[in-house]
Amino acid sequence: MAGQGAASAAMVPATPATPAGVVLPVTVDNSAAYQGQTICTSVVPTGTQRLKDLLLQTYGTIPGFGSSSVQILRNCSSGGQSEHKEGRALDWMVDVTKPDQKAVAESFLSWLLGPDASGVPAGNARRLGVMYIGWDNLMWRSYDPTRGAATVAGTTGWDPLVKGGKACTSAARATAAWATDCHRNHVHLSLSWDGASGLTSFWSGQAVTAPSCPAGPAASRAAAGSLLDTTTGEGTLAATPCRVAQQAPLKVLVAQPGPAPAGQVWGLTVRVDGFTPNAPATLTLSSALSGSAVVGRPGTTVTVPLGPDGMLTAAVDAGDAWLRLTGMGLTPVAPPAGGAGLSALSTRAITATGPEAVRTGGKIKLAGSAIGGKKVTVRRYLKAGGAWRPAGAAIKPTGGSWAMTTTAPSPRTMVYRVALLHRNGKVLAWSNEVTVRVVRKGAPLLTLVAPATVSTGAAISLSGKAKALPSGATVSRQRLIGRSWTPLGTTVPAGGRWSMQVIAPSPQTITYRAVATVGGAVVAASSKRVVTVS
């Protein structure tokens, strides 16, 4: 049943057709590397829209869904990391519990992941730029196609999805409440930026085969002349055509004539001769000097203050890009505020940690690291009425670290961040935000500590403190799904300290909180903690 005219009829398997006028090349596109969501957009890219149209034209709409049979965009503020927010993911709303829909879904997956017309395994997935798939409790990854032992529709490489610390293939996840998380009521398809932008061979007739450029610098380049041309590989370690990838900023070593004049650094003037990304990406040029980052646009000339190492870093915040840069020479320039001692862009100049919760009258201790030496101070700011207001006096960091203490006020939620200040009072960098809950004396207190990042399949250790809880209280974890907190897993005794471990699922961002319950009633809840699974 190709086409959309018989929405109420049973769906039947079919084979997607190559677009009119496109001749598939013998060469097959690279397998899609993992590219997690880094930006957000309300525009559906060309390739994603074409894939949606292909599904609808081949299989028709799904009864009860109509034009929403394939869903793409997701609100930027909804949940954690998701390619839906970049328009690179589709949810095809076929249901595994309905035999005709399951047969259609698995017919498509067999075409997608089985040998293509040239006999290449997963050839059509590569030609479409499919990055990973979720369906019927399982996940397939283009970047790790032999990982799993499970089989779907004759295709291999499927691995059980893990949700809430338990495999979707387990009895604990067989209920209807887990149908969406475990992808039983839809097929999820995430695309590479090449696939989403319609650059892969299924749409263009030309295979995308250029690799990512190695991150390291090639031999030193002269400050005047061609610095970098990824279309040929000039100035890269690859020495062959490659692209700058969002996961791997590219470094160029620039020759300097010696130390700059006293009180100055060498400023490299760069002309952006070419910048062709496969995503709505931003090009940033920077050095090891804090504050030296500039945004490069095609046809523009910018000046980047170089650090003593002479390294220029080119980075894109999404996808992959062809890039050509020409050096226009060096001139002495004033260093960025804070001097050469500050960190590179890839490292925070200042960090902050603090307690999750304290009681009224207790001590709130904030501490962290700060880079910058004798010319900088640290000052805390408190969020009030949507604005950041200074709180307390500035202090000098010692040995790269700092700490300050203040008294907890009446019960409320305090949101702090800390500024790294130049001696002239200018803010050089901001720390991360620290949220501290102040509760009344004697009130139940529950805290949660969780790692910021873990690898897929590793253990996520959750722990914390529990104080003044009623007798018989237990602690469990909850996950934020949409706007609701969903209970997960088993409970543990709420002693002075508690801990539990869960297995990290597929790459995604998970927001947890801990709750203490007595007889099913919540008596205390921790602040939320975000864990990124890579």
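**Close-ups: three disulfides, a hairpin and a helix**

**View 1. Cys 40, a partly exposed half of a disulfide.** With a relative accessibility of 33%, Cys 40 falls in the partly exposed class, and that class starts at 20% and ends at 50%. Keep in mind that what you're looking at is a predicted model. Cys 76 also counts as partly exposed, this time at 45%. The two are joined as a disulfide, with 1.9 Å from S to S. Why does this link bring together separate parts of the chain? Cys 40 sits in the segment ahead of α1 (46–59) while Cys 76 is in the loop between β1 (70–71) and β2 (89–92), so the bond ties together parts 36 residues apart in sequence. As for its twist, the link of Cys 40 and Cys 76 has -100 degrees about the S-S bond and is left-handed.

**View 2. Cys 168 and Cys 182, a disulfide with both ends buried.** Here the S to S distance between Cys 168 and Cys 182 is 2.1 Å. Both cysteines lie in the loop between β8 (166–167) and β9 (187–191), so the parts tied together are 14 residues apart in sequence. Cys 168 has a relative accessible area of 2%, and Cys 182 comes in at 0%; buried means under 20%, so each of them makes the cut. The torsion about the S-S bond of this pair is about -80 degrees, so Cys 168 and Cys 182 make a left-handed disulfide.

**View 3. Cys 213 and Cys 242, a right-handed link.** This disulfide joins Cys 213 to Cys 242 at an S to S distance of 2.1 Å. Cys 213 belongs to the loop between α5 (201–204) and β10 (224–229), and Cys 242 to the loop between β10 and β11 (244–245), so parts 29 residues apart in sequence end up tied together. Is the twist left-handed or right-handed? A torsion of about 95 degrees about the S-S bond makes the link of Cys 213 and Cys 242 right-handed. Both Cys 213 and Cys 242 are buried. That brings us to the overall tally: the model has three disulfides, and with the bonded cysteines numbered in sequence order they pair up as 1-2, 3-4, 5-6.

**View 4. Strand β3 and its two partners.** Six of the six residues of β3 (residues 130–135) are buried, so the rest of the structure largely encloses this strand. With β9, strand β3 pairs antiparallel over four bridges; look for Ile 133, whose bridge partner in β9 is Leu 189. Four bridges also join β3 to β4 (residues 138–141), again running antiparallel. In that pairing, Tyr 132 faces Arg 141 of β4. What links β3 and β4? The two strands form a hairpin with two residues between them, and in the turn Asp 136 adopts a positive phi of about 50 degrees.

**View 5. Helix α1, end to end.** How does the span of α1 stack up against the expected value? At 1.5 Å a residue, its 14 residues should cover 20 Å, and the C-alpha atoms at its ends are indeed 20 Å apart, so the two agree. Buried residues of this helix include Leu 51, Leu 54, Leu 55 and Leu 56. Lys 52 is on the buried list too, as are Gly 47, Thr 48, Thr 58 and Tyr 59. Just past the end of α1 comes Gly 60, with a positive phi of about 80 degrees.

Conventions. Residues numbered from 1 in each chain as written. Predicted model: local features only at pLDDT ≥ 70, side-chain atom pairs only at ≥ 80, totals over all residues. Heavy atoms only, no water. Disulfide = S-S within 2.5 Å. Buried < 20%, exposed > 50% of the residue type's maximum accessible area, 1.4 Å probe, protein only. Pairing = 2+ DSSP bridges. Expected span 1.5 Å × (residues − 1).
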